[in-house]
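Trainee: Hi, got a minute to walk through this model with me? I'd like to start with how helix packing is described.

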Amino acid sequence: MSDSLPSPQEQLKFLKQIQQILHSGSFSSTYKFALLMSLCRLAIEQGQDNGDRLTLDYLDIAEKFIDLYWKQTLPFHFNENEPFLLHQNNGKQAGIVSLIHSAQQRFKSIALARRDYTYWSQLKKKVADTVKKMPVTYLQNIKGQNIQFLYCLEDSQKQLVLLPQVMYCLRQFSEIIEELCQKRWIDFIRLKKQNLIVLNGLPDLDEFMFAPNRSQLGQVASFLIDLQKCQCFYCGKSLKNNKYAVDHFIPWSLYPADTGHNFVLADDKCNSQKSNYLASEQFLNQWLERNHLHDQLITHELSKLGFLTDIQRSHRVADWAYGQAKENGYLLWNLI
Ligand SMILES: [Zn+2]
């Protein structure tokens with residue numbers, strides 16, 4: 001039998017507890033932000049809208065960590081200063097950042113690292129060990145007191161088991177939690193004295209740390225232009241003279257991670273109109289259909305570029321997003 005859904009009061013309490021952790025918890029590194037964001041994303045990808053427990057594999061959490069930290073571990077360029085590595089820890093550099101940094105010495109992109117199966121598995125395992133030892137142990141600690149409202153440490157030796165109703169609340173509040181975490185994470189980086197030397201009022205930390213990685217979108221576009229027969233995914237008009245862009249079908253603002261099946265190509269007009277909105281149900285059906293029809297091709301071509309391409313994962317994210325839209329009355333975008 002399923003556990004029941006949390007009452008409105010319980011949901012509010014959950015959100016307050018998240019806020020409490022973020023405000024009062026002691027943070028010696030940025031791992032806790034990464035953990036909370038990873039839990040939200042996995043609850044969306046692997047969970048459902050019910051009050052059940054959710055069991056998460058530490059390797060899946062590790063994969064989310066690598067996704068989050070990869071971009072932030074690249075050299076940061078600021079004015080005329082030498083490019084440097086952001087400090088993510090109070091003492092010496094955070095272990096996971098060092099692991100990713102050495103992966104970056106070997107592989108030019110996360111795509112290439114992911115394609116080296118043996119290397120990637122070892123990297124995930126090492127990151128998973130650190131995740132388990134550090135943020136999982138300390139996330140729920142406020143001034144020495146352990147408030148175990150997300151998971152019980154005793155149950156979470158081999159896999160991380162979210163307590164009943166936690167999955168539901170993470171799915172319900174993921175946009176808020178992501179935003180809180182991102183803001184706190186940026187503040188942490190800004191205030192770190194090793195970063196302060198150079199980070200003097202820098203404007204683009206947000207973009208550098210959390211915006212989608214655009215370096216491979218050119219290649220995605222050349223694949224999609226063939227797949228869509230040179231037509232805009234939304235209005236069907238032909239795409240001309242580079243006046244088009246790769247669009248996240250489920251907007252980045254709702255779910256800030258790249259999955260291969262989520263990309264569509266849209267002309268500039270549709271792309272800017274759609275902006276951060278979800279597209280109407282008609283487009284949802286069109287997108288689902290496209291993915292089923294071309295699943296193999298999309299998987300083959302986009303995983304070559306290093307994107308996670310798992311049709312089920314993408315469609316679960318969409319289920320979640322449209323469920324949220326329905327429940328909360330989000331405006332859906334349509335052609336005018
Ligand atoms: Zn269009």
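Mentor: Happy to. Axes are lines fitted to C-alpha atoms, for helices over the stretch in contact, and angles run from 0 to 180 degrees between N-to-C directions. Keep in mind that this is a predicted model.

Trainee: Okay, at what angle do α2 and α15 pack, then?

Mentor: About 100°, with 7 Å between the axes of α2 (residues 31-46) and α15 (residues 311-328). Angles of 65 to 115 degrees count as roughly perpendicular, so α2 is roughly perpendicular to α15.

Trainee: Which residues meet there?

Mentor: From α2, Ile-44, Glu-45 and Gln-46; from α15, Arg-313, Arg-316, Val-317 and Trp-320. That contact has three nonpolar, one polar and three charged residues.

Trainee: Switching topic: what are the protein donors of the zinc ion?

Mentor: Cys-232, Cys-235 and Cys-270 each through SG, plus Asp-267, listed twice through OD, at 2.2 to 2.7 Å from the zinc ion. Their spacing along the chain is C-x2-C-x31-D-x2-C. Cys-232 lies in the loop between α11 (217-227) and β5 (244-248), while Asp-267 is in strand β6 (residues 263-267), 35 residues apart.

Trainee: And are Cys-232 and Asp-267 buried or exposed?

Mentor: Both are buried.

Trainee: Which residues touch the most other members of the largest nonpolar core?

Mentor: Phe-14, Ile-61, Phe-65, Leu-150 and Trp-185, out of 68 residues. Helix α8 (residues 166-191) contributes the most, eleven residues. Beyond its sequence neighbours within four places, Trp-185 contacts several residues, including Phe-33, Met-37, Leu-68 and Phe-210. Another core, of 39 residues, lies apart from that one and includes Ile-225, Leu-305, Tyr-322 and Trp-333.

Key. Residues numbered from 1 in each chain as written. Predicted model: local features only at pLDDT ≥ 70, side-chain atom pairs only at ≥ 80, totals over all residues. Heavy atoms only, no water. Helix = DSSP H or I, 4+ residues; strand = E, 2+ residues; numbered from the N terminus. Parallel < 35°, antiparallel > 145°, perpendicular 65-115°, else oblique. Contact = heavy atoms within 4.5 Å. Nonpolar A, V, L, I, M, F, W, Y, C, P; charged D, E, K, R; others polar. Donors = N, O, S within 2.8 Å, 3.2 Å for Na, K, Ca; no water. Buried < 20%, exposed > 50% of the residue type's maximum accessible area, 1.4 Å probe, protein only. Core = buried A, V, L, I, M, F, W, Y, C linked by side-chain atoms within 4.5 Å.
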